[in-house]
Amino acid sequence: MSVPLYQAKAELFRTLGHPVRIRVLELLQDGPKPVRDLLTAIDVEASNLSQQLAVLRRAGMVASHRDGPLVVYSLSTPDVADLLAAGRRILGAVLTDRDALLDELRADAVPAAGSAPAASGEAGSRPGAGR
């Protein structure tokens, strides 16, 4: 029985839902790397990295091959790098929108010139206030 496309897409995005996996994919954008180089760049136990690489391999996002004693990983397709770039663009846009909203909220919170200070600020300055 075939899996619906939306379910397959959800599984793909679940695969991206771990920081170590994202970091591995980011590192592999520069080209194939042996596991030892990935371990050096990512502060995790070897067993954890191995588990995360297995998840990425099962999802088809990375490929591996042996080069003598080394296991070397690479992105399975350049589209994985494109997906990461799209994620960065989306995150940048979302954070920019949040920063603009935060700036607007801060501007609205500034009391108008000549207005009295908030009562809560005065009460906190007296010993025993609020007890």
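A nonpolar core is taken here as a set of buried Ala, Val, Leu, Ile, Met, Phe, Trp, Tyr and Cys residues joined through side-chain atoms within 4.5 Å. In this predicted model, the largest such core has 18 residues. Within this core, the residues with the most contacts are Val-24, Leu-25, Leu-28, Leu-38 and Leu-49. Two or more core residues come from each of helix 2 (19–28), helix 4 (46–58), strand 3 and helix 5 (78–109). Helix 2 supplies the largest share, with five residues. The general background is a familiar one: in soluble globular proteins, nonpolar side chains tend to be buried together.

It helps to step back to the overall fold. The protein contains six helices and three strands, and the order along the sequence is α-α-β-α-α-β-β-α-α. Of the 131 residues in the protein, 21% are buried. The exposed area comes to about 9500 Å², and carbon and sulfur atoms supply 57% of this area. Among contacts with a separation of 6 or more, 51% link residues that are 24 or more positions apart.

The three strands form an open sheet in the order 1-3-2, with antiparallel pairing. Strand 1 and strand 2 are the edge strands, each pairing on one side only. Strand 1 (residues 33–34) is joined to strand 3 (residues 70–75) by two bridges, and Pro-34 stands opposite Val-72 in strand 3. Strand 2 (residues 62–67) is joined to strand 3 by six bridges, again in an antiparallel arrangement. On this side of the sheet, Ser-64 has Tyr-73 as its bridge partner, while His-65 is partnered by Val-72. Val-72 thus takes part in the description twice, facing Pro-34 of strand 1 and His-65 of strand 2. Strand 2 and strand 3 also make a hairpin with two residues between them. In the turn of this hairpin, Gly-68 has a positive phi of about 65 degrees.

Leu-28 offers a useful view of how the helical and sheet parts meet. This residue is one of those with the most contacts inside the core. With neighbours within four places in sequence left aside, Leu-28 is in contact with Lys-33, Leu-38, Val-62, Tyr-73, Ser-74 and Leu-75. Of these partners, Leu-38 is also listed among the core residues with the most contacts, and Tyr-73 is the bridge partner of Ser-64.

Helix 2 also holds a charged residue worth a closer look, Arg-21. Arg-21 is buried, yet has no salt bridge. The nearest side chain of opposite charge belongs to Glu-11, 7.5 Å away, whereas a salt bridge requires the nitrogen and the carboxyl oxygen to lie within 4 Å. Beyond neighbours within four places in sequence, the contacts of Arg-21 are with Arg-14, Thr-15, Gln-52, Val-55 and Leu-56.

A last position to consider is Ala-46, in helix 4. Is this residue, Ala-46, buried, partly exposed or exposed? Its relative accessible area is 46%, so Ala-46 counts as partly exposed, the buried class being under 20% and the exposed class over 50%. Ala-46 is ten residues from Arg-36 in sequence, and the C-alpha atoms of the two are 8.9 Å apart in space.

How values were computed
Residues are numbered from 1 along each chain as its sequence is written. This is a predicted model: local features need pLDDT of at least 70, side-chain atom pairs count only at pLDDT 80 or more; totals for chains, interfaces and linings use all residues. Side-chain values use heavy atoms; hydrogens and water are left out. Helices (H or I, at least four residues) and strands (E, at least two) are DSSP runs, numbered from the N terminus. Buried means under 20% relative accessible area, exposed over 50%, partly exposed in between (1.4 Å probe, protein chains only). Contact means heavy atoms within 4.5 Å. Accessible areas come from the Shrake-Rupley method with a 1.4 Å probe; for residues, only the protein chains shown count as cover. Two strands pair if DSSP finds at least two bridges between them. Lys and Arg count as positive and Asp and Glu as negative; His and the chain ends are not counted.
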